[in-house]
Amino acid sequence: MLCVRLFVRAYILVAVIFIFEVPWLQASVFSGTEGICSLAECECQNDRVECSCQEESSFQESFIFFADSRKLQHLKVENCPKLILPAGAISPESHLVSFEIRNVKQVEFHAEALSISRLRDLVISDSAIVTFHQHSFKASMVDTPSVSLIIENAQKIHVKSKSFAGIKSFTAENVEDLILEHNAFKLKVPTEEPTINIKLVNISTPSLSSSVFPSSFKSITIENSKIDKVHANAFSGLYMNNITFDGVSINRIERGAFSDNTIIGSLKFNRCNISSLSQKSVVAGVSKFILTNSVIQSISKHGAINATVATVEIVNNRFRTLGQESFQFVSWDSVIIDNNTFEFLEQGSLNAIKGPAEDQDAYFSFTNNFIGYANFKSLVTQIPTTVNFKVNSNSFGHTCDCKMETYVKSITGYTSLSSPFQDLTNMIQNTSRCRLSDQEKPCFESASSLLIGEYAKVLCVFGQELPACARVIDEEDLEDVEEVAEVDRVPVNQKNNTATFYDEFILLFQVKTTKGILLFLLFCVLSSVITVTICVGSIWVHRLCKRAKLVRDNLSGSFQFNSGEDKQILYGSDQTTCHSLPDDEPQYAEIAEIHPYPKDIENRSLSKFEHFTLPKFESTTLVSNAASTLPSMEASTLPMRSEKTDTNQTESTSLLSENIDTTQISRLSMSETSLTDEIMMALRDKLNDPNLYMSVMDAKLSPSDPSKKEEDLYCAPLYSDPLQLSPAP
């Protein structure tokens, strides 16, 4: 045992020595204790070092910068599969001023990887994935932010919560997928005035998360990018000097995206395409709001932009629909709404622009706008008369007619009552233009539009006939007029009932608005439901009536039996199983026709039956006062061949006649409620009567009557004819 123990200990000792002494068994991870200039992949010149990865480079798994006594200030790492910077990769004691990472597929900064001291520039370019973990940048003892972070040409950037501390600027350009988590840019701002700049150029991001910008910033600029959704409180920093969206496509801006806790010096949207602007999406205090050269697909009602704002510029935009009170501006000094295209104005579109600043003269401008369709009271305002107004050169898609004055009054909400608010009726009517129809263009040198007043002077003079230019139309021109797309019109001044009904329908449902579309769909659904209900109800009532009629027929005696004048249906005869007559009456079988005469009868000889006696047929009949009876059998049901027999047949004839006479039953009135019971009782009585049973014989073809077929015999009743019975020996 002692030898074994010594041997094991010696083996372990040799193995330990072997591991530590053989260099190729050591871990291939760069520890950083060696100077970076001693690495084969790195080359140092003066204060600059450049590292390029090779196939078996060790520092890419865990890179830690160590420069010995040399004060290296510029570091560049390139052409690596990956570069992972663990905690303390750049220590506070390093003298690095710039750090460049180029053409590295995967770059990952762990917590406290960079301690900000002297570092000023961090540039990452041509990477596939760049990840910043929480607290990747560790703030130094110096409070002033110093690092400018630039990322270019990356496929994906993932910035986790509170990744940065003490940065001066962040720039991301040409990024296919930018993921910014909650509080991604929560930064420490030691100064009273914000000094941090954020710039995103040509990026695509699924969303700007809630509180993604919770700190104060000097500027946030997003250019030529795509943003699917801007969440609530995305911009929630206390103070932001400038927020600019330039050439950005935004699918949806959520409620409260620009928080009411934020003061924004300038909020600008230029060349943007915004699909949906939710209610109260902008509720921050804004010194200057600028919306230019943009397309707004949908803007919510009742304060999509609800802000205390000093200056508003809404210029050269296209609105598919401007909802009711979509703009709610308070304490404003200047509101300029010029050169815009409004395809549809809902009622009260400008009604919430009110409450101008009282400490100085306020100014309101509404000029050079095109309004395709204006709803009733769409241009009503609550702007005091003390405000300086400029309203002119606006155009309407409404076709010119002689009731333009009524049209203008309907959209401006004209009233003869006194009001403290400015009425735009006269300004609109005297300076605005309407669209000329093709019929009237020749009267005005083929102009496409005309001032409302000039049109009235030429074509709307009371008692004057229309000029020749307005009456004569060539056939080709008439076809062109019919093909021209009709522009939206306010329901006034119509010439026929159809147009009036159409315009009233448009006015009622406002089908160009979200609310109108929903109302119209609801109307269609209700109409469909009512129509289907009426049809189903009609079918149900029809079936009920039909069923009630059948029940009434059944209760009124639909179980009828053959009268004395009709032939009695014999046993086994059925028109569906045997034969169908042309007149659709049941097939009747007669004993005389189905069963051939006995040979003795054919030879006119009944000598064999002179002493033959049949048992007397006794028939059970119902009492005369019974509620129901079986169908009666009259004498004509079983016709006798008396003309073919002589007087020697009197015994057989009298026997049959007596049987027929005794089986005739007078038809009694049946009780409707006990019809089945009476029938069953009668059948039971018949079946229990032993006198009705007789011997049964198989039907056979008669050699004397070849016309009879075998199938006729199968349909015939199987019973024994008394006339064909042979006497007992």
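Strand β26 (residues 388–392) has two unlike faces: Phe 389 and Val 391 are covered, whereas Asn 388, Lys 390 and Asn 392 are uncovered. In a regular strand the side chains alternate between the two faces of the sheet. Strands here are DSSP runs (E) of at least two residues, and helices are DSSP runs (H or I) of at least four, both numbered from the N terminus. The model is a predicted one, in which local features need pLDDT of at least 70, side-chain atom pairs count only at pLDDT 80 or more, and totals for chains, interfaces and linings use all residues. Residues are numbered from 1 along each chain as its sequence is written, and side-chain values use heavy atoms, with hydrogens and water left out.

Strand β26 runs parallel to β24 (residues 363–367), and five bridges join them. Tyr 363 has Asn 388 of β26 as its bridge partner. Two strands count as paired if DSSP finds at least two bridges between them.

The protein chain holds 13 helices and 29 strands. Of its 729 residues, 40% are buried. Buried means under 20% relative accessible area, exposed means over 50%, and partly exposed lies in between (1.4 Å probe, protein chains only). Contacts, defined by heavy atoms within 4.5 Å, often link distant parts of the sequence: among those with a separation of 6 or more, 57% join residues 24 or more positions apart.

A second set of parallel strands involves β3, β4 and β6. Strand β3 (residues 74–85) is joined to β4 (residues 98–109) by ten bridges. Cys 80 stands opposite Val 104 in β4. Nine bridges then pair β4 with β6 (residues 121–132), again in the parallel sense. Here Glu 100 stands opposite Val 123 in β6.

Backbone angles were also examined. Most residues other than glycine have a negative phi, and most peptide bonds are trans. Asn 79 is not a glycine, yet its phi is positive, at about 60°. Asn 79 lies in strand β3. Its relative accessibility is 36%, so Asn 79 counts as partly exposed. Ser 331 also has a positive phi, near 60°, and is a residue other than glycine. Ser 331 sits in the loop between β21 (327–330) and β22 (334–338). With a relative accessible area of 36%, Ser 331 is partly exposed.

Another loop residue is Asn 317, placed between β19 (305–315) and β20 (318–319). Asn 317 counts as buried because its relative accessibility is 3%. Its side chain reaches the backbone nitrogen of Asn 293 at 3.1 Å. A polar contact is a pair of N or O atoms within 3.5 Å; within protein, one must be able to donate a hydrogen and the other to accept it, and residues adjacent in sequence count only if both atoms are side-chain atoms. Leaving aside residues up to four places away in sequence, Asn 317 touches Leu 291, Thr 292, Asn 293, Ser 294, Asn 339, Asn 340 and Thr 341.

Aromatic pairs number 27 in the structure. The rings of Phe 132 and Phe 137 have centres 6.2 Å apart and planes at 80°, so this pair is edge-to-face. Phe 132 is buried at a relative accessible area of 0%. Phe 137 is buried too, at 2%. Phe 327 and Phe 329 form a stacked pair, 5.6 Å from centre to centre with 10° between the planes. Phe 327 is buried at 0% relative accessibility, and Phe 329 is buried at 0%. Rings of Phe, Tyr and Trp (its six-membered ring) pair if their centres lie within 6.5 Å; planes under 30 degrees apart count as stacked, over 60 as edge-to-face and the rest as tilted.

Helix α12 (residues 675–688) has 14 residues. From its first C-alpha to its last it reaches 20 Å, close to the 20 Å expected at 1.5 Å a residue. That expected span is 1.5 Å times one less than the number of residues. The buried residues of α12 are Leu 675, Glu 678 and Ala 682. Seen down the axis, they fall within an arc of 70°, so they line one face of α12. The arc is that of the directions from the helix axis to the C-beta atoms. Exposed residues Thr 676, Leu 687 and Asn 688 lie on the face of α12 turned away from its buried side.

Helix α4 (residues 452–459) has Ile 452, Tyr 455 and Leu 459 buried. These residues cover an arc of only 60° around the axis, which puts them on the same side of α4.
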